[in-house]
Amino acid sequence: MTAPRMDRAVLHSDLNNFYATVEKKLFPDLAGKPIAVCGDREARHGIVLAKSEEAKKFGVKTGDVIWEAERKCPGLIVRPARFPEYVRYSRAVRDIYARYTDLIEPFGIDECWLDVTHSKIFGSGEEIAERIRREVRKELGLTVSVGVSFNKVFAKLASDLKKPDAVTAVTRDNYREKIWPLPVSDLLFVGKATAKKLSAVGIATIGQLAAAEPEFLGRYLGKWGETLSVYARGEDKSPVRNMNESADLKSIGNSVTYREDIYNYEDIKRLLYVLSESVASRLRSSGLGKADTVHLWVRDKELSNYSFQRKVRPTALCGEIAEAAFSLFKSQYTARRAVRGLGVTVSGFDKGVQQLSIDDLAGDYDKKERAERAVGEIRKKYGYSKIQRGIMYEDRSALSMDVRGERLVRPGGVDGEIASQDEGLTETSPFEDE
């Protein structure tokens, strides 16, 4: 007789008001005061990236422009973002997670999924979640909301149900009561545009989405509609991946959902370089050699997705990967709508077995590779921000972006919420010719 299959125990841990809480740890005199961590006042990114509980009570929201937040909350203390410190605390939290499992999948800097199915020595999923919550608070002075469920999507929803500093379980017995009455916009990856489309056909809650015919959703929203149907019904089976997983890799990539809509080529190129730095660094560390294909993923402000790819000479160089991705964007992205998400991936690894080209014989590739490796060693010793490409200095907020250790796929925005300065409104057409 076959034993019944054990249900998974998946946690989603979400650090509460992360940037603002770290600021209070760094500067104890801020305790009990309304603060907002904001982008550069002098640049286009002068928006609220995170706010404290005290500021939230005044109606301050992620994505508010600074003057708007200050009008809502007289006496609001505005702090600059200190990303290296946030990364340091994020890694310390993950060290606590690693006491219970090695299946830790980052979802941005402040959120992670954990699979504790085989960690029963520490107790049930809920008991492990409580231990993590207590240890993060006691050892680091941060608070987390932890969702516990049998799949990643419901664990994420559970972590949002009670904040701050709480554990919430969504089980097979209660998910219909806890999850299905929620607005469909609460479901992972359902943005404003998708929620609006679903509302137009009478789907306002997750339960209504679960009850809709998958075939209809597929026709109405494309393949993504069928995926959302699976999510709503609690049938997501995607695994929690080890954050250091590298065995038998077919591709290496990174993506980011940016904090505001992007309208010009300069910002696109800058972000593609940030992502390509990560990809090239991981490729060099993987031992897989060079890659001969660059893939570009684009998500526009309406949350439509586009994928393009191009063969390149075998490379592990950031500059070559970024330029190939930027060339793909300029030549293939014809929608001309503002962009919210970008991703760069490489594939076709030579595993260190390669054929020499004219460039190789001339020393062109080796010279560039030595330079990038030297940069990598400096960053390893002194920190990512100590040496930067010139293109980054055109946007000071990009100087703080270290994506080497992060998987930046986000449900949208920064610190768990969508942050858009202008909600897609612009006086000029996106991506006008340079």
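Let me start at Lys57, which sits in the loop that joins α2, residues 53-56, to α3, residues 66-72. Please keep in mind throughout that this is a predicted model. Is Lys57 buried or exposed? Its relative accessibility is 72%, and because anything over 50% is called exposed, Lys57 counts as exposed. If you look for Lys72, you will find that 15 residues of chain separate it from Lys57, while the C-alpha atoms of the two are 9.9 Å apart.

Now compare a second loop residue, Ile109, which is placed between β5, residues 104-106, and β6, residues 111-115. With a relative accessibility of 11%, Ile109 counts as buried, since the cut-off for that word is under 20%. Its C-alpha atom is 9.1 Å from that of Leu15, although the two residues are 94 positions apart along the chain.

That leads me to the protein as a whole, which has 15 helices and 12 strands. Of its 434 residues, 51% are buried, and the accessible surface comes to about 20700 Å², with 51% of that surface belonging to carbon and sulfur atoms. If we take the contacts with a separation of 6 or more, 69% of them are between residues 24 or more positions apart.

Let us turn to a buried charged residue, Glu23, in helix α1, which runs over residues 18-26. Its relative accessibility is 0%, so Glu23 counts as buried. What does Glu23 touch, leaving aside residues up to four places away in sequence? The residues are Leu30, Ile35, Val37, Arg79, Pro80, Arg82 and Tyr86, and with the side chain of Tyr86 the side chain of Glu23 makes a polar contact at 2.8 Å.

Next come two helices that belong together in this talk. Helix α6, residues 152-161, is mostly covered, with eight of its 10 residues buried, and among them are Val153, Phe154, Leu157 and Ala158. At the start of this helix, a side-chain oxygen of Asn151 comes within 3.1 Å of the backbone nitrogen of Val153.

Helix α11, residues 223-232, has as its buried residues Gly225, Leu228, Ser229, Tyr231 and Ala232. Why do we say that they lie on the same side of α11? It is because they cover an arc of only 160° around the axis. As a general point, an α-helix has 3.6 residues a turn, so residues three or four places apart point the same way. The cover over the buried residues of α11 includes α6, together with α8 (192-199), α9 (206-211) and α10 (214-221). Just after α11, Gly234 takes a positive phi of about 80°.

A word on the cysteines: the structure holds zero disulfides. Cys112 counts as buried at 2% relative accessibility, and Cys318 is buried as well, with a relative accessible area of 1%.

Finally, how confident is the predictor? The mean pLDDT of the protein is 81, and 77% of the residues reach 70 or more. Over residues 354-363, however, the pLDDT is below 50, and this stretch has eight contacts in the model beyond near neighbours in sequence. The pLDDT also stays under 50 over residues 384-428, for which the model has 136 contacts beyond four places in sequence.

Technical notes: Residues are numbered from 1 along each chain as its sequence is written. Side-chain values use heavy atoms; hydrogens and water are left out. Buried means under 20% relative accessible area, exposed over 50%, partly exposed in between (1.4 Å probe, protein chains only). Helices (H or I, at least four residues) and strands (E, at least two) are DSSP runs, numbered from the N terminus. A polar contact is a pair of N or O atoms within 3.5 Å; within protein, one must be able to donate a hydrogen and the other to accept it, and residues adjacent in sequence count only if both atoms are side-chain atoms. Contact means heavy atoms within 4.5 Å. Accessible areas come from the Shrake-Rupley method with a 1.4 Å probe; for residues, only the protein chains shown count as cover. A disulfide is a pair of cysteine sulfur atoms within 2.5 Å. The arc is that of the directions from the helix axis to the C-beta atoms. pLDDT is the predictor's confidence in each residue, from 0 to 100.
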